[in-house]
Amino acid sequence: MATRTQPNIIITGTPGVGKTTHCEMLAQNTGLKHLSVNDVVKERECHEGWDEEFKSWIVDEDKLLDSIEDEVKEGGCIIDWHACDLFPKSWIDLVVVLRVGSEKLYDRLKARNYPEAKLQENLDSEIMEVLLQEARDSYDEEIVIELRSDTTEEMEANVERIEAWVKQWRKDNSNKSEES
Ligand code: ADP
């Protein structure tokens, strides 16, 4: 049984779907900490080098998990990453899978100057619902939610919904802070 007094949330989805934007807004509104796995991988060197074709780091998952274990176990983290199956189930209270339409995703990735192979791979991954499936395979279905992130209005509604969930989680788990 987890003893954390703040929840841990994963915000996942294909690159460009809006993870960082959601996480920043959520962190600001809830006081939870935005844990950008991208930044951790880079700054704490949890990688085995740079993949030139895909212009991304080759992540060393064991090193990454060791590096974030203490802070995540303490609770209060919003984990921002385009994968979710590596995090132990016991660490996580909610998994949000963001989704976006192909045309919007294409425009967002194009604006980032993604190489063609990387752009296509991500478009395919979104169409095939790879991240949604990964989340459903890795966590209990009642903690996985799928939210649309095509427009600013949708993003604001998503953030409001997750904020309400955080508020409820805190209420439901308030006895833990009294016990500790
Ligand atoms: P990710 O972290 O998933 O790669 P970002 O949060 O960096 O995605 O978003 C990619 C781009 O798309 C940014 O320019 C962001 O402003 C824009 N964006 C993300 N979500 C939305 C949304 N729901 N509506 C409009 N623009 C969005």
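**Entry 1: D93**

Where is D93 found? I looked it up before anything else in this predicted model, and D93 is in the loop between β5 and β6. I then checked its accessibility: D93 has a relative accessible area of 16%, and because buried means under 20%, I noted D93 as buried.

Next I listed its contacts. Leaving out residues up to four places away in sequence, D93 touches R4, P7, N8, I143, W165 and W169. R4 deserved a second look, as D93 and R4 form a salt bridge, with their closest N and O atoms 2.9 Å apart. R4 lies in the segment before β1 and D93 in the loop between β5 and β6, so this pair ties together parts that are 89 residues apart in sequence. Both partners, D93 and R4, are buried.

I also took one C-alpha distance for my own orientation: D93 and V59 are 34 residues apart along the chain, and their C-alpha atoms are separated by 24 Å.

**Entry 2: other salt bridges**

A reminder to myself: side chains of opposite charge can pair when their charged atoms come close. How many salt bridges does the count come to? I got twelve.

I picked K33 and E71 from the list, whose side chains meet in a salt bridge at 2.5 Å, N to O. K33 sits in strand β2 (residues 33-36) and E71 in helix α3, so the pair ties together parts 38 residues apart in sequence. K33 has a relative accessible area of 41%, which I wrote down as partly exposed.

Then I turned to R99, which forms a salt bridge with E126; here the closest N and O atoms are 2.8 Å apart. This pair links distant parts of the chain, with R99 in strand β6 and E126 in helix α5, 27 residues apart. R99 is buried at a relative accessible area of 8%, and E126 counts as buried at 5% relative accessibility. Following shared partners, I found that salt bridges join R99, E126, E129, R136 and E146 into one network.

**Entry 3: two positive phi values**

E129, from that network, came up again in my backbone check. Its phi is positive, about 60 degrees, although E129 is not a glycine. E129 is in the loop between α5 and α6 and counts as partly exposed, at 34% relative accessibility.

E45 also went on the list, with a positive phi near 55 degrees in a residue other than glycine. E45 lies in the loop between α2 and β3 (47-51), and at 51% relative accessibility E45 counts as exposed.

**Entry 4: nonpolar cores**

In soluble globular proteins, nonpolar side chains tend to be buried together, and I wanted to see how that looks here. The largest nonpolar core has 27 residues. Which of its residues have the most contacts inside it? My list reads I79, F87, I92, V95 and Y139. At least two core residues come from each of α2 (37-43), α3 (61-74), β5 (77-80), β6 (94-99) and α6. Helix α3 gives the most, with four residues.

I followed I79 further. Setting aside neighbours within four places in sequence, I79 is in contact with I9, I10, I11, L35, V37, V72, F87 and I92. Apart from this core lies another, of 22 residues, with L32, V96, L98 and L119 among them.

**Entry 5: helices α6 and α5**

Which residues of α6 are buried? I noted L131, L132, E134, A135 and S138. Seen down the axis of α6, these buried residues fall within an arc of 160 degrees, so they line one face of the helix. Their cover includes β1 (9-12), β6, α5 (116-127) and β7 (144-148).

V130 also has its place in α6 (residues 130-138), but V130 counts as partly exposed, at 37% relative accessibility. With I127 and M128, V130 forms a nonpolar patch on the surface, and together the three have about 310 Å² of accessible area.

I closed the page with N122, whose place is in helix α5. N122 is buried, at a relative accessible area of 9%. Not counting residues up to four places away in sequence, N122 touches T14, P15, L105, L109 and Y114.

Conventions: Residues are numbered from 1 along each chain as its sequence is written. This is a predicted model: local features need pLDDT of at least 70, side-chain atom pairs count only at pLDDT 80 or more; totals for chains, interfaces and linings use all residues. Side-chain values use heavy atoms; hydrogens and water are left out. Patches are made of residues with over 30% relative accessible area and no salt bridge: like charges are joined within 9 Å, nonpolar side chains (Val, Leu, Ile, Met, Phe, Trp, Tyr) within 5 Å. Accessible areas come from the Shrake-Rupley method with a 1.4 Å probe; for residues, only the protein chains shown count as cover. A salt bridge is a side-chain nitrogen of Lys or Arg within 4 Å of a carboxyl oxygen of Asp or Glu. Buried means under 20% relative accessible area, exposed over 50%, partly exposed in between (1.4 Å probe, protein chains only). A nonpolar core is a set of buried Ala, Val, Leu, Ile, Met, Phe, Trp, Tyr and Cys residues joined through side-chain atoms within 4.5 Å. Contact means heavy atoms within 4.5 Å. The arc is that of the directions from the helix axis to the C-beta atoms.
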